[in-house]
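Please look over the sequence and the model below before reading on. The paragraphs that follow go through a sheet, the nonpolar cores and a pocket.

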Amino acid sequence: MSSTPSSSRPKRPADSPDVKLSKSLSYILRHGAVKEKVPMRADGYICLKALKSHNKFRNAKNEDIARVVRENSKQRFTLTYKPDDPSVEQPEFTSASVLEDWFIRANQGHSLTTVEVELTPLLKTEDFPENVIHGTSRSAWEKIQASNALSKMNRNHIHMAPGKLGDEGVISGMRASSDVYIYIDYEKALADGIKFFKSTNGVILSPGNEKGEIPLEYVARTQILK
């Protein structure tokens with residue numbers, strides 16, 4: 001059987017500058033701050049002055065960062081003026097903004113165990129949306145079935161969406177490529193002591209049980225997309 005030479009395979013389109021910036025922000029704010037020696041607060045915020053001192057961001061203009069934060073379809077980031085003073089009015093972040101007063105963080109998705117982003121606890125069933133769905137691929141679903149549990153893996157939480165992609169208010173919580181929907185029986189899980197939270201961009205998060213897992217006994221049903 002002949003195979004297509006790698007040189008003739010279609011190349012993946014290069015990322016736009018905004019996508020590259022978004023990926024760099026995700027890496028630093030979710031995973032790489034300690035390794036890259038970028039000072040991060042316990043609540044996940046990094047001062048813009050410190051961020052822009054890093055090689056990855058030295059050429060990023062204020063308006064570039066503001067645009068990527070504002071236009072990110074999954075609302076992954078929060079850009080805040082003086083986060084320690086909740087009473088202060090939030091001005092527009094511009095090219096003239098004083099960097100020492102501005103901070104940025106990822107809203108969820110961290111693997112850094114030292115970070116505790118402010119999340120809303122979901123303490124009773126009335127706090128939940130109608131559906132809580134973990135989206136995954138068919139190959140990953142086979143591994144989940146083999147292990148008999150959803151796992152947070154190297155992240156701090158298991159991620160779930162408050163409905164299907166495309167439903168009103170659902171902007172994040174699963175990859176667009178997900179073709180298996182795992183519906184969580186959050187009422188049963190909550191009754192058995194598994195904790196749930198909601199991020200500022202609407203993602204449902206859970207640290208799982210003591211093993212960092214949500215066992216499949218808490219799955220109400222699955223839906224495999226065609």
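Which residue is the bridge partner of isoleucine 182 in strand 12? In this predicted model, the partner of isoleucine 182 in strand 12 is threonine 222, while on the side of strand 5 histidine 134 has isoleucine 182 as its bridge partner in strand 8. These pairs belong to an open sheet of three strands, ordered 5-8-12 and paired in the antiparallel sense. Strand 5 (133–136) and strand 12 (219–224) are the edge strands, and because each has a single partner strand, one side of each lacks a neighbour in the sheet. On average, and with direction ignored, neighbouring strands of this sheet are turned by 20° against each other.

The pairing can be followed outward from strand 8, which covers residues 180–184 and is joined to strand 12 by five antiparallel bridges; one pair in strands 8 and 12 is that of valine 180 with isoleucine 224. Between strand 5 and strand 8, which also run antiparallel, there are four bridges. Five of the five residues of strand 8 are buried, and the strand is therefore largely enclosed by the rest of the structure. In a regular strand, side chains alternate between the two faces of the sheet. In strand 8, Val180, Ile182 and Ile184 point one way, whereas Tyr181 and Tyr183 point the other way, and all of them are buried.

In soluble globular proteins, nonpolar side chains tend to be buried together. Here the largest nonpolar core has 26 residues, and Leu25, Leu48, Leu51 and Ile104 are those with the most contacts inside it. Two or more residues of this core come from each of helix 1 (17–32), helix 2 (48–51), helix 3 (62–71), strand 2 (77–81) and strand 3 (102–106). Leaving aside residues up to four places away in sequence, leucine 25 touches Arg30, Leu51, Phe57, Val68, Phe77 and Ile104. A second, separate core has 21 residues, including Phe128, Val180, Ile182 and Leu190.

The last feature is the largest pocket, which holds about 1,200 Å³ of space. Its lining has 42 residues, of which Gly135, Arg155, His159, Met174 and Arg175 are the closest to the centre of the pocket. At least two lining residues are supplied by each of helix 1, helix 3, strand 5, helix 4 (138–147), strand 6 (149–151) and strand 7 (158–160), and the largest share, eight residues, comes from helix 1.

Key: Residues numbered from 1 in each chain as written. Predicted model: local features only at pLDDT ≥ 70, side-chain atom pairs only at ≥ 80, totals over all residues. Heavy atoms only, no water. Pairing = 2+ DSSP bridges. Axes fitted to C-alpha atoms, helices over the stretch in contact; angles between N-to-C directions. Buried < 20%, exposed > 50% of the residue type's maximum accessible area, 1.4 Å probe, protein only. Core = buried A, V, L, I, M, F, W, Y, C linked by side-chain atoms within 4.5 Å. Contact = heavy atoms within 4.5 Å. 1 Å grid on protein atoms, 1.4 Å probe; cavity = no way out; pocket = protein on both sides within 12 Å on 5 of 7 lines; lining within 4 Å. Points joined across faces, edges and corners; volume = space filled by probe spheres on them.
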